[in-house]
Amino acid sequence: MTLRLFNTLTKTKDAFTPLDAKNVRMYVCGPTVYDFAHIGNARPAIVFDVLFRLLRHTYGDAHVRYVRNITDVDDKINARAAERKIPIRELTEETARIYMEDVTALGCLPPSVMPRATEHIPQMVAMIEQLIASGHAYAADGHVLFDVSSKADYGKLARRSLDEMIAGSRVEVAPYKKNPMDFVLWKPSDAATPGWDSPWGRGRPGWHIECSAMAGQYLGDTFDIHGGGIDLVFPHHENEIAQSECSHGGAPIATVWMHNGFLQVEGEKMAKSAGNFFTIRDLLADWPGEVLRFNMLRSHYRQPIDFTLAGLRESWKMLERWYDVTEPLANPDPSNEFFDALSDDLNTPAAITSLHQADDKALAGGLGFLGFSNVQMKISTKARADTVAIADAIAARLAARAAKNFAESDRIRDDLLSKGIVLKDGPGGTTWEVKK
Ligand code: AMP
Ligand code: ZN
């Protein structure tokens, strides 16, 4: 079965042929680390993890290189660090660590390389210098801007002409820009803002150049797959293409561009102000990571997802039913239908349907492949069952006491104690804790 992937650049689903089957390369834009990641941010992490697993399965673990960056220089980061009165580095390290813990709980393998923007400033400066030397960028007022008029096919990913872009966007008009669509490669920093010395004075990079420089560093001028959420098509990815192609003698940055659709919550755009904002961390307090992952994969990655708690409950029930009949960790081979579905532009809903029909062995393999290990599920399912059983026992003990059947109420208390559960009677009722 040939892997076929939908390419945002061509708008067609094409057979995937790596440039080098011994070194298959993928870059995915990672998080800007200033706050807890939300469940929408989990989507690219999970979707491209499935692709990473599929590529490793097809080409061999040692022949796939997956790079996901960490954006640790950004004005939102500066503002948040100032607000919390902590050093920027402390904020970015803490947030990056939490992000890794979160996506690990969602069953995502660590990417091969996770470069940080602040550790690649010299590469960004070198790329900008080259863009200036080749007439694609200009310095003005401590800024360096990319000259979009210097690239005839600027807009090819977003499929918009320069005129349409200017008409349709609220671009920042600045006196130092030649064209309103010219975008920042470098900008000046004041004394209170992080900055690095450069030929244009002390400053910091623009967001887009970070990804171009890090992708070039770890994957070469041209690599196989570049991914991210659909919101990144314009301007971020369009600008990455412009920068990288112009500094690499016109060589394309990636053969295939892939974008996951957006996730909404209960039919609405997720926003803190709307009160429907879920961080991964909050959800993990109530739901096993596997349920969150499985729920995500029940939709095709290019479709929008309407995330609902009812959907999560359904996903939990479905997984539990499967775990009753199988042991995913054994990891035998999944069925052909399963791989046919995944190879068809990562059709995870069809792959999941094939698991419904599979025998136990194929089902177990499929679950393992999708990144589910039932260990965590079993623990949280057991914890949930225990909680219910303890609450039932407490209610039975209360009823026994009300009926003055103290032999029975003591028996229930001792029974729980023998299982390590200590009951505490207080004015607000009976609570319990695990015996220390
Ligand atoms: P950010 O940290 O905002 O740059 O986002 C990190 C990644 O999450 C990017 O690939 C975004 O496209 C993606 N993303 C952000 N919000 C959502 C959402 N609601 N649904 C799906 N993907 C999202
Ligand atoms: Zn990026």
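Visitor: Which of the 14 residues around ligand 1 come nearest?
Guide: This is a predicted model, and what follows is computed from it. The shell around ligand 1 holds 14 residues. Those that come nearest are Gly-40, Asn-41, Gly-229, Asp-231 and Leu-263.

Visitor: Which residue has a polar backbone atom 2.9 Å from a nitrogen atom of ligand 1?
Guide: Take the backbone contacts in turn. Thr-32 places a backbone N or O atom 3.4 Å from an oxygen atom of the ligand. Gly-40 has a polar backbone atom 3.2 Å from a ligand nitrogen. The 2.9 Å contact to a nitrogen atom belongs to Leu-263.

Visitor: How much of the accessible area of ligand 1 does the protein cover?
Guide: On its own, ligand 1 has 490 Å² of accessible area. The share covered by the protein is 85%.

Visitor: Which element gives the largest share of the shell around ligand 1?
Guide: Two elements give two or more residues to the shell: β9 (223–229) and α1 (39–59). The largest share is three residues. These come from α1.

Visitor: In what order do the strands of the parallel open sheet run?
Guide: Four strands make up this sheet. Its edge strands, each paired on one side only, are β4 (64–68) and β10. Neighbouring strands are turned by 20° against each other on average, direction ignored. The order is β4-β3-β9-β10.

Visitor: Which residue of β9 is the bridge partner of Met-26?
Guide: Strand β3 (residues 24–28) pairs with β9 in the parallel sense. Three bridges link the two. Met-26 has as its partner in β9 Ile-225.

Visitor: Which residue in β10 stands opposite Gly-229?
Guide: β9 and β10 also run parallel, with six bridges between them. Gly-229 is among the residues nearest to ligand 1 as well. Opposite Gly-229 in β10 stands Asn-260.

Visitor: Why is strand β10 described as largely enclosed?
Guide: Buried means under 20% relative accessible area. Strand β10 (residues 254–260) has seven residues. It is largely enclosed by the rest of the structure because the number of buried residues is six of the seven.

Visitor: At what angle does helix α6 run to β3?
Guide: Helix α6 covers residues 207–219. It lies across β3, β4 and β9. Its angle to β3 is about 160°.

Visitor: Is the pairing in the sheet β5-β6-β7-β8 parallel or antiparallel?
Guide: This open sheet has four strands. β5 (137–140) and β8 (203–205) are its edges, each pairing on one side only. On average, neighbours are turned by 20° against each other, direction ignored. The pairing is antiparallel.

Visitor: Which residue in β7 stands opposite Phe-146?
Guide: Strand β6 (residues 143–146) joins strand β7 (residues 183–188) through three bridges. The two run antiparallel. Opposite Phe-146 stands Phe-183.

Visitor: Is Asp-141 buried or exposed?
Guide: Asp-141 sits in the loop between β5 and β6. Its phi is positive, near 60°, and it is not a glycine. Most residues other than glycine have a negative phi. The cut-off for exposed is over 50%. At 61% relative accessibility, Asp-141 is therefore exposed.

Visitor: What is the relative accessible area of Lys-404?
Guide: Lys-404 lies in the loop between α14 (374–402) and α15 (406–418). It is not a glycine, yet its phi is positive at about 55°. Lys-404 is exposed, and its relative accessible area is 64%.

Visitor: Which residue does a cis peptide bond join to Phe-234?
Guide: Most peptide bonds are trans. Here omega is about 5°. The partner lies in helix α7 (residues 233–247). The residue joined to Phe-234 is Pro-235.

Visitor: Which elements do the buried residues of α11 pack against?
Guide: Helix α11 spans residues 336–343. Its buried residues are Phe-338, Phe-339, Ala-341, Leu-342 and Ser-343. Asp-345, with a positive phi near 50°, follows the helix. The buried residues pack against β1 (4–7), α1, α12 and α13 (360–369).

Visitor: Which residues does Thr-348 touch, leaving out those up to four places away in sequence?
Guide: Thr-348 lies in helix α12 (residues 348–357). It is buried, at a relative accessible area of 3%. One of its contacts, Leu-342, is also a buried residue of α11. The full set is Val-50, Leu-297, Ser-299 and Leu-342.

Methods:
Residues numbered from 1 in each chain as written. Chains lettered and ligands numbered in written order. Predicted model: local features only at pLDDT ≥ 70, side-chain atom pairs only at ≥ 80, totals over all residues. Heavy atoms only, no water. Buried < 20%, exposed > 50% of the residue type's maximum accessible area, 1.4 Å probe, protein only. Contact = heavy atoms within 4.5 Å. Pairing = 2+ DSSP bridges. Axes fitted to C-alpha atoms, helices over the stretch in contact; angles between N-to-C directions. Near = heavy atom within 4 Å. Polar contact = N/O pair within 3.5 Å; in protein donor to acceptor, adjacent residues only side chain to side chain. Areas by Shrake-Rupley, 256 points an atom, 1.4 Å probe, with all protein chains shown as cover.
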